[in-house]
Amino acid sequence: MATSTIRTTRFQFQVINATSSSSSWSSNVRKLLESGSVRAIQPKEAYKAMKSEGYVLLDVRPMWEREKARAKGSVHVPIFVEDKDNSVVTLIKKWVHFGYIGLWTGQYFTTFNSEFLAQVEMAVPSKDTKLIVACGEGLRSMIAVSKLYDGNYRNLGWLVGGFNRSKDEDFPEVEGKEKLQYATVGGVSYYFLQLLILLQAVSKG
């Protein structure tokens, strides 16, 4: 099976056979959501589910996003990791991607974490544990949910829209220098975001 990797805003998908696998993961999770096997949890509902229902928040974002902002007490196992393959083909891909959009978005070239399920099993040994699986935009967490369900985790919740859709009050205990909803933004686009926030604050003042 041919495997390639693409990047988006500090955010990535591993594309297998021209994205057919990503579509399959998304379709699988939608079926699980429709059947009630996986629970769709809105960002505004997540903290309550954690406090009153015993859910554990599983953050599947890469480390560089988590370092910027993270919900206190969340468990971290990335579904994608930095691709450190320095073969000629990979270096050419990195050069092409950086030349087009890397500067703007501050991306990292990534690949699927082949140890994802094993690492979750180490961090959360009981497969009866209630997990809310979360990422920046809700897409990487779909892949994670599919992997976890196949690995016999059966009390799964999916954070709808990811942290990007969250409000300040949704996760009252946040660690890091940024807001959760901005942690996926990088590169030049990050500075434009900061400028917009500043202008908004000035206009309100």
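## Close-up views of a predicted model

**View 1. Helix α2 against the sheet.** In this predicted model, helix α2, which spans residues 43-53, lies across β3, β4, β9 (131-134) and β10 (156-159), and the helix runs at about 120° to β3.

**View 2. The open parallel sheet and its edges.** The sheet is open and is built from 5 strands in the order β3-β10-β9-β4-β6, with parallel pairing. Because β3 (38-41) and β6 (75-76) stand at the edges and each has a single partner strand, one side of each is left without a neighbour in the sheet.

**View 3. The pairing of β4 with β6.** Strand β4, residues 56-59, pairs with β6 in the parallel sense, and 2 bridges join the two strands. Within this pairing, Asp-59 has His-76 in β6 as its bridge partner.

**View 4. The largest pocket.** The largest pocket holds about 150 Å³ of space, and its lining includes Tyr-47, Met-50 and Lys-51, together with Tyr-55, Val-56, Leu-57, Ala-71, Lys-72, Gly-73, Phe-171 and Glu-173. Both α2 and β4 supply at least two residues of this lining, and α2 gives the most, with 3 residues. By residue class, the lining divides into 7 nonpolar, 1 polar and 3 charged residues.

**View 5. Stretches of low confidence.** The average pLDDT of the protein is 79, and 67% of the residues score at least 70. Over residues 100-105 the pLDDT stays under 50, and the model has 17 contacts beyond four places in sequence for this stretch. Over residues 187-193 the pLDDT likewise stays under 50, with 14 contacts beyond four places in sequence in the model.

Conventions: Residues are numbered from 1 along each chain as its sequence is written. This is a predicted model: local features need pLDDT of at least 70, side-chain atom pairs count only at pLDDT 80 or more; totals for chains, interfaces and linings use all residues. Side-chain values use heavy atoms; hydrogens and water are left out. Two strands pair if DSSP finds at least two bridges between them. Helices (H or I, at least four residues) and strands (E, at least two) are DSSP runs, numbered from the N terminus. Contact means heavy atoms within 4.5 Å. Axes are lines fitted to C-alpha atoms, for helices over the stretch in contact, and angles run from 0 to 180 degrees between N-to-C directions. pLDDT is the predictor's confidence in each residue, from 0 to 100. On a 1 Å grid over the protein atoms alone, a cavity is a set of points where a 1.4 Å probe fits but cannot get out, and a pocket is an open set with protein on both sides within 12 Å along at least five of seven lines; lining residues have an atom within 4 Å of a point. Grid points are joined across faces, edges and corners, and a volume is the space filled by probe spheres set on the points. Ala, Val, Leu, Ile, Met, Phe, Trp, Tyr, Cys and Pro count as nonpolar, Asp, Glu, Lys and Arg as charged, and the others, Gly among them, as polar.
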